[in-house]
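Here is a short tour to read alongside the sequence and the 3D view. Please keep both open as you go.

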Amino acid sequence: LAADHPELKSVRFFGKIFGRNNDYYICEGEQTAPDELPPKGLPPNDYRRRNLEKSIHHNKLKYYVCHYPGAPWVALPNVTYDQLESVESCKKLLTGDLKAPVSSYPPFPGNSEAEYLRARIALIGSHTVMSPAGYFKEVPADPDAGHPDNSIQPDGGWAPDGDKMTYSKPAGWVKHYPPIPEPDGFGDDFAPDEDGVWPAIDPEPYNIRPNEEAEAEQWMGKTTAVQYKAMAPVAMHSITFPGAVLAFKGKQFCCIYVGFGNRETNMTYTPQLNTAMIMPPVSTDEPYKVHVPPTVVKDEEGNITETLPPEPSPPYPEEGWKHYNDEQMDLRDKMYLEWVELQKAEEARKKAEEEAAAAAAAEGGEGAEGA
């Protein structure tokens, strides 16, 4: 891969992500500058322009994938800011086909699995790719010196800590992978002046980030041997992204990921609900049908003498009632109508029984007076 792409400054094996039909072996190549520039002729706050400007540090890393060792490498497309922003809300298994469509909720702003895989790699890297504290240094943007963007470079004077167990805890590591960009938040006052000159936008930050205390619970560190621990490497395993491993020995370290690409939340996944899922549209093209068995008439010996078909139910909806497509939230269904009819019949039966009892009591009183 490095021989076929001499434009890459360095190449490393990123890891492997499992798919349902095929797996992805992933290599990461570092470029001097992204191979895709933002479109010209657009305002500086236009989303089509900011979509690439905000992901400039991610696109300096070019990723290549293949399905098995020895297979030809395929370059993944560049990632955009809207993809980086939405990929964390998606949780799905990869198919192993780069051309497969991506169906997810919330919707992912991409047309193929190749774009989703590229955004997922950026998300995993921003949380799991780290280096020993002090190994890299920040280089601020200086256009006059040939550094148009913020960047990081190895610090030649770095020396590892004398106690290697320092690197068995997140406090001994720092994140040097490009972070997920924050939203711009342009205000209403962001507009050109009288001369048509737009306000300047600071370059996208790219800083080295130490691990917070809360992140100590997201990693598990230990030596990789039971005996001869003094000569054994130290490793840290990610709990948030199972399969992410950091290894350190002497002055050498590496980061690798082998897993399904999803974050471990220890919770049952529940998709976000929208209005269409909570109250789906109802169709009244087919009438509401209730199976009513026929009435069977038997004689004294139990022989069937007659079978009466069920009486046809009254037309539904009744005249004056609203249809499903009119005001769906206020509509009462057929079961409610049937319940109302049963209540009316029950009230009529009770009223008839009460009237009959009153009449019988009246006749009994008149007979007692005559006697």
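The report below looks at a helix, some strand pairings and a set of salt bridges in this predicted model.

## Helix α3 and the loop before it

Helix α3 covers residues 113–128. Its 16 residues should span 22 Å at 1.5 Å a residue, and the end C-alpha atoms are indeed 22 Å apart, so the two values agree. The helix is mostly covered, with 15 of its 16 residues buried.

Thr128 belongs to this helix and is a good residue to zoom in on. Its relative accessibility is 5%, which makes Thr128 buried. Leaving aside residues up to four places away in sequence, Thr128 touches Trp219, Ser238, Phe241, Ala244 and Leu246.

In the loop between α2 (81–86) and α3 you will find Pro106. The peptide bond leading from Tyr105 to Pro106 is cis, and its omega is near 5°. Most peptide bonds, by contrast, are trans.

## Strands and a hairpin

An open sheet is built from three strands in the order β5-β8-β9, with antiparallel pairing. Its edge strands are β5 (130–132) and β9 (209–210), each pairing on one side only. Between β5 and β8 (residues 173–175) there are three bridges, and Pro132 stands opposite Trp173 of β8.

Elsewhere, β14 (residues 295–298) pairs with β15 (residues 304–308) in the antiparallel sense over four bridges. Val296 has Thr307 in β15 as its bridge partner. The two strands, β14 and β15, make a hairpin with five residues between them, and Gly302 in the turn has a positive phi of about 90°.

## Salt bridges

The whole structure contains 15 salt bridges. One of them joins the side chains of Glu30 and Lys9, at 3.6 Å from N to O. Glu30 lies in strand β2 (residues 24–30) and Lys9 in the segment before β1 (10–17), so this pair ties together parts 21 residues apart in sequence. Glu30 is partly exposed at 30% relative accessible area, while Lys9 counts as exposed at 54%.

Two other pairs sit within helices. Arg49 and Glu53 form a salt bridge with their closest N and O atoms 2.7 Å apart; they are four residues apart in helix α1 (residues 47–53), about one helical turn. Arg349 and Glu353 form another, at 2.6 Å between the closest N and O atoms, and they are likewise four residues apart, in helix α5 (residues 334–370). Glu353 is partly exposed at 45% relative accessibility, as is Arg349 at 39%.

Finally, a network of salt bridges links Arg49, Arg50, Glu53, Lys54, Asp184 and Glu204.

Methods
Residues are numbered from 1 along each chain as its sequence is written. This is a predicted model: local features need pLDDT of at least 70, side-chain atom pairs count only at pLDDT 80 or more; totals for chains, interfaces and linings use all residues. Side-chain values use heavy atoms; hydrogens and water are left out. Buried means under 20% relative accessible area, exposed over 50%, partly exposed in between (1.4 Å probe, protein chains only). Contact means heavy atoms within 4.5 Å. Two strands pair if DSSP finds at least two bridges between them. The expected span of a helix is 1.5 Å times one less than its number of residues. A salt bridge is a side-chain nitrogen of Lys or Arg within 4 Å of a carboxyl oxygen of Asp or Glu.
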